[in-house]
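User: I have a structure open and want to talk through its pockets and one helix. Here it is.
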Amino acid sequence: MSDWYRQARWDREGRLEPLVFELGGPGHIGYSLPKPPEHTNLPKHLLRTELRLPELSEVEVVRHYTRLSQMNYCVDLGTYPLGSCTMKYNPKLCEELASLETATCIHPYQAEGTVQGALELMYKLERCLAEIAGVARVCLHPSAGAHGEFVSMLITRAYHEFNGEQDERTQVIVPDSAHGTNPASAAMAGYEVLIVPSDARGRVDLRALEAAVSERTAAMMLTNPNTLGLFEDRVVDIVELVHDVGGLLFYDGANLNGILGKSRAGDMGFDIVHFNLHKTFATPHGGGGPGAGPVGVTQELEKFLPVPVVEYDEKRGEYYLDYDRPNSVGKVRAFYGNFGVLVKAYAYILMMGARGLEEAAEAAVLNANYVMRKLSGTRGYELKFDATGPCKHEVVFSAEPLKRETGIGAREVAKRLLDYGMHAPTYYFPPIVSEALMIEPTESESRDEIDRLINALKAIAVEASTDPEKLRAAPTVTAIGRLDEVKASREPILSWRMYRKHRA
Ligand SMILES: *Cc1c(COP(=O)(O)O)cnc(C)c1O
């Protein structure tokens, strides 16, 4: 077993780092603030005499958070092959630029004349993204991929309303390989969701699609490359089928890293596309931090984009925010998007250049194909779909043979990988592959790192026969052991107050 990264443990008995509320005590002082003025005009019954805040010294606070950070795992520590999430390395330069005062110390209500640089950045990022996806205009506002999907469905609705067809067009078609957010976004926008199956090659079943499209079709949502890491090579036929009945084509751009600079959603015939800046364009994610899910549209749909839109007035030589758009779907969030994320994406695009972005996609695809070739033939893992052609940026193995022979499934394999000092791949997704292990190495990983991952997966397949109990108990060498995931999602305890109530 490799002696790779180990999460720290601070206690022989395996107890956890205490909560910050359980540390320190009365009189531990971290910072001295001047006494605040008396707020005599506040009603007495609204005043608190006591704030139940922890009292700690500075060194106690620093050690607490440093210890927590060393019990953690992140892409800056090692391989993070979490399929569909594109956990690529995020250059520190992007972070540095996003933390400049000119990015962090401006206010969205400032006069336009005082934030020309910020507006110019948004304007130019929009132009870059429009070029990358082959669309006319892009809205930078949505906060995440799912939010971008939802906005895309609102635009779909606005388009059909504009044409007076909102009552007839009630259905959105989604392939069974789609990310769960696709049907959820369509349903939230009030559409009925029709699922079309995949064929034996892991692509949309065209016969089934032919049967599904009708004058009730509002749109189809398609991910390409799809969540099996396979390019929908009949995409032109799919687009034609949907357009022929008057429906729109939405492109889920979460897998953009596989085709960046190679092919464009607009050229494939899509009308709407969303981006995941936090996947493809250098914003760290995974812990629920700020993201961005911009939405691009064709010229025909431009008038429906959310307000405001950044425009440039050539006569005045100034950028400005345009709210005067009568067909707009309206506002979709406060202000203009997660600005810091936009700064990082713009910095990343300029740093990489057109050829650099293309090279990122090439390396991401090469790395995924390396995993596919090196791991296929390993007893226990198999490829369910198209095992002959190349994959794109990710590859989905099934641990079904392993489960059949040893009782050890994808979950145990994933958990055991943590003991090897690596992050697990995505497992049990996409749901059309039983015992799925979805591996996306990204362009960031060297051949040595990928070999380490492959060797670990092979070693685990052997352990499944020789020591299945160890795998059922895994992870055993991490800071905390196997979590009760069902309990964690059914009974989340997210605050100190909830924790105290729970303990009482
Ligand atoms: C990640 C992902 C989404 C959703 O993006 P979020 O930013 O997590 O909301 C949608 N579709 C696919 C294929 C994805 O991988």
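User: What classes of residue make up the lining of the largest pocket?
Analyst: The lining of the largest pocket has 25 nonpolar, nine polar and five charged residues. Ala, Val, Leu, Ile, Met, Phe, Trp, Tyr, Cys and Pro count as nonpolar, Asp, Glu, Lys and Arg as charged, and the others, Gly among them, as polar.

User: Any caveats on the model?
Analyst: This is a predicted model, where local features need pLDDT of at least 70 and side-chain atom pairs pLDDT 80 or more, while totals for chains, interfaces and linings use all residues. Residues are numbered from 1 along each chain as its sequence is written, and side-chain values use heavy atoms, with hydrogens and water left out.

User: Which residues are closest to the centre of the largest pocket?
Analyst: Of the 39 lining residues, Q7, M71, N72, I480 and L483 are the closest to its centre. A pocket is an open set of points on a 1 Å grid over the protein atoms alone where a 1.4 Å probe fits, with protein on both sides within 12 Å along at least five of seven lines; lining residues have an atom within 4 Å of a point.

User: Switching to α4, what span should it have?
Analyst: Its 18 residues (116-133) should span 26 Å at 1.5 Å a residue, taken times one less than the number of residues. The end C-alpha atoms are 26 Å apart, which agrees. Helices are DSSP runs of H or I with at least four residues, numbered from the N terminus.

User: What follows α4?
Analyst: G134, with a positive phi near 70°.

Methods: Helices (H or I, at least four residues) and strands (E, at least two) are DSSP runs, numbered from the N terminus.
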